Amino acid sequence: MDELRHLFRRAADHAADYRLSLPDRPVGVPVDQAVLNEAFAGPLPDAPTPPERVLAELVAAAEPGLVATAGPRYFGFVVGGASPAATAADMLAAGWDQIAFNAVTSPAAVAAETAAGTWLKELLGIPATASAGFVTGGQAANTAGLAAARHQVLADAGWDVERRGLTGAPAVRVFAGAERHATIDRSLRLLGLGTDALRPVPTGPQGAIDPDALAAALRDAGPGPTIVCLQAGNVNTGACDDLRRACDLVHRHGGWAHVDGAFGLWAAASPATRHLVDGLETADSWACDGHKWLNLPYDTAFAFCARPDVHAAAMSYAAAYLVGSGGAPAGADLTAESSRRARGFAVWAGLRELGRDGVAALVERCCALARRFADGLSTAGFEVVNDVVLNQVLVGFGDDARTDRVVAAVQTDGTCWAGGTTWRGRRLMRISVSNATTTEADVDRSVAAIARLAHGIGGELVH
Ligand SMILES: *Cc1c(COP(=O)(O)O)cnc(C)c1O
């Protein structure tokens, strides 16, 4: 066996050993960052090191600092665990070392993105005519969607923002729910619109935008370039905005409706939850993650736009050339990257592995497991504070200090991992169920561990 083959096999073996260890591995126990840094530190060697030795050194240095986010009892931050076929396809993407810039640098990468993009639109109920840019995350997808929005609302006002920039441009108002994801704010900063452009709109009891408040805000603002950021999947509660009503309001005011659906857009993939995102097809742009609920490898997300020409006008530096040559915008035309990783292989493989029914089952199973979590924890005497409509559960364990102590205890215990959050002025434990390998037994085991740790902590439980 030649050396390269041996090296790649060893890397694959390490990856497989790690994945197989996940169900039994302590989840996210704290490590001493200084010790880990030390394991990687030291002077850059003058002389070359044989690849096999480099790999062995890397594994030894990294192993103690790996977090089992891909495992079945990691419930922090809405993360999935990359599925077997998608992970293997991603290994091939590295091995093939393709540049998904365009069809010249990699026809295969563009074909995979095109096919997977079509499947994604079908699963999500996004119009088939929309463009699909394969980006690095919800952050990048929001930036691409809002760049398209910025282009169009200023074009409608007679301003070519790509050529003239924002200096002297008509002011753009950006309406967004008070409980928007913080990446929206960063996208606005990156796009030069600035966070002062934001007009926060009050949210209802579960954190979805209040449509009456949105209607009033739009009416009061009067005419002018208008972008509205809607949300499918509040990071705390899982609540989704009333997209049909909100998009209708936005369009009646001549605005652009962008939907941040990093994880919540996947509600569309199951008949059981589809109603939560009813009307999503009437929006103008959508951001959705692949590496969260769809269980694809990092970093994978999608920026969809109802108008591919607008999407390309905002993002491409070769749109005119491509339009001239008759090619549909693809690859780097739809993203902020130029030379790009070929993410389409893993997306194509992951979708094929699950199939339409598998994606629906994944969504339904995670929602059912979130309800099981909520039932288990309320039966154990703790307070579930949100309506568990999707895969998010918010739990209080008494006052803020006590809840924080329970969250800290869970994070050091290693049975499972859940984060803390502040919602409506209150400290809470936030549980997200979005891993395809999580079972009822994993939830029951986690509920038991949380209850054991919470009951072991002094102080009063408040219901
Ligand atoms: C996670 C998330 C984001 C950011 O996505 P990344 O993939 O981390 O860049 C944006 N919006 C919402 C609603 C999210 O849940």
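Is aspartate 97 buried or exposed? In the predicted model, aspartate 97 has a relative accessible area of 61% and is therefore exposed, since the threshold for that class is over 50%. The residue is located in the loop between helix 4 and helix 5. Its backbone is also notable for a phi near 55 degrees, a positive value in a residue other than glycine. Most residues other than glycine have a negative phi, and most peptide bonds are trans.

Two further backbone features belong to this group. Arginine 424, likewise not a glycine, has a positive phi of about 55 degrees. Arginine 424 is placed in the loop between strand 10 and strand 11, the latter spanning residues 426-432. With a relative accessible area of 44%, arginine 424 is classed as partly exposed. The second feature concerns a peptide bond: the one leading from tyrosine 298 to aspartate 299 is cis, with omega near -5 degrees. Aspartate 299 belongs to the loop between strand 6 and strand 7.

Strands 6 and 7 are themselves part of an open sheet of seven strands, arranged in the order 1-7-6-5-4-2-3 with mixed pairing. Strand 1 (131-135) and strand 3 (198-201) are the edge strands, each pairing on one side only. From one strand to the next, the twist averages 20 degrees. Within the sheet, strand 4 (residues 226-231) and strand 5 (residues 256-260) are paired in the parallel sense over five bridges. In this region valine 228 has alanine 257 of strand 5 as its bridge partner.

Helices pack on this sheet. Helix 5 (residues 107-124) touches strand 1, strand 6 (285-289) and strand 7 (301-305), and its direction makes about 110 degrees with that of strand 1. Helix 8 (residues 182-190) also packs on the sheet, where it touches strand 2 (173-177), strand 3, strand 4 and strand 5. The direction of helix 8 makes about 130 degrees with that of strand 5.

Asparagine 142 provides a view of the packing at the level of a single residue. This asparagine is found in helix 6 (residues 138-156). Its relative accessible area is 1%, so asparagine 142 is buried. Residues up to four places away in sequence aside, asparagine 142 touches Thr183, Ile184, Ser187, His258, Asp260 and Ala287.

Aromatic contacts form a further part of the description. A pair of aromatic rings is described by the distance of the centres and the angle of the planes. The structure holds nine aromatic pairs. One of them joins tyrosine 74 and tryptophan 417, whose rings are stacked at 5.1 Å centre to centre with 10 degrees between the planes. Tyrosine 74 lies in the loop between helix 3 (51-62) and helix 4 (84-96), and tryptophan 417 in the loop between helix 14 (400-413) and strand 10 (419-423), so the pair ties together parts that are 343 residues apart in sequence. Both tyrosine 74 and tryptophan 417 are buried. Together with Phe77, these two residues form one aromatic cluster.

Tryptophan 96 and phenylalanine 345 form another aromatic pair, with ring centres 5.1 Å apart. Their planes stand at 75 degrees, so this pair is edge-to-face, a class that requires an angle over 60 degrees. The pair links distant parts of the chain, as tryptophan 96 lies in helix 4 and phenylalanine 345 in helix 13 (residues 344-379), 249 residues apart. The two partners are assigned to separate accessibility classes: tryptophan 96 is partly exposed, with a relative accessible area of 47%, whereas phenylalanine 345 counts as buried at 11%. An aromatic ring also takes part in a contact with a charged group, in that the charged end of arginine 164 sits over the ring of tryptophan 159, 3.8 Å from its centre.

Aspartate 400 was examined as a polar site in helix 14. At 31% relative accessibility, aspartate 400 counts as partly exposed. Leaving aside neighbours within four places in sequence, aspartate 400 is in contact with Gly425, Arg426 and Arg427. Its side chain reaches the backbone nitrogen of arginine 427 at 3.0 Å. By contrast, the C-alpha atoms of aspartate 400 and alanine 128 are separated by 47 Å, the two residues being 272 residues apart along the chain.

How values were computed: Residues are numbered from 1 along each chain as its sequence is written. This is a predicted model: local features need pLDDT of at least 70, side-chain atom pairs count only at pLDDT 80 or more; totals for chains, interfaces and linings use all residues. Side-chain values use heavy atoms; hydrogens and water are left out. Two strands pair if DSSP finds at least two bridges between them. Helices (H or I, at least four residues) and strands (E, at least two) are DSSP runs, numbered from the N terminus. Axes are lines fitted to C-alpha atoms, for helices over the stretch in contact, and angles run from 0 to 180 degrees between N-to-C directions. Contact means heavy atoms within 4.5 Å. Rings of Phe, Tyr and Trp (its six-membered ring) pair if their centres lie within 6.5 Å; planes under 30 degrees apart count as stacked, over 60 as edge-to-face and the rest as tilted. Buried means under 20% relative accessible area, exposed over 50%, partly exposed in between (1.4 Å probe, protein chains only). A charge sits over a ring if NZ of Lys or CZ of Arg is within 6 Å of the ring centre and within 35 degrees of the ring normal. A polar contact is a pair of N or O atoms within 3.5 Å; within protein, one must be able to donate a hydrogen and the other to accept it, and residues adjacent in sequence count only if both atoms are side-chain atoms.
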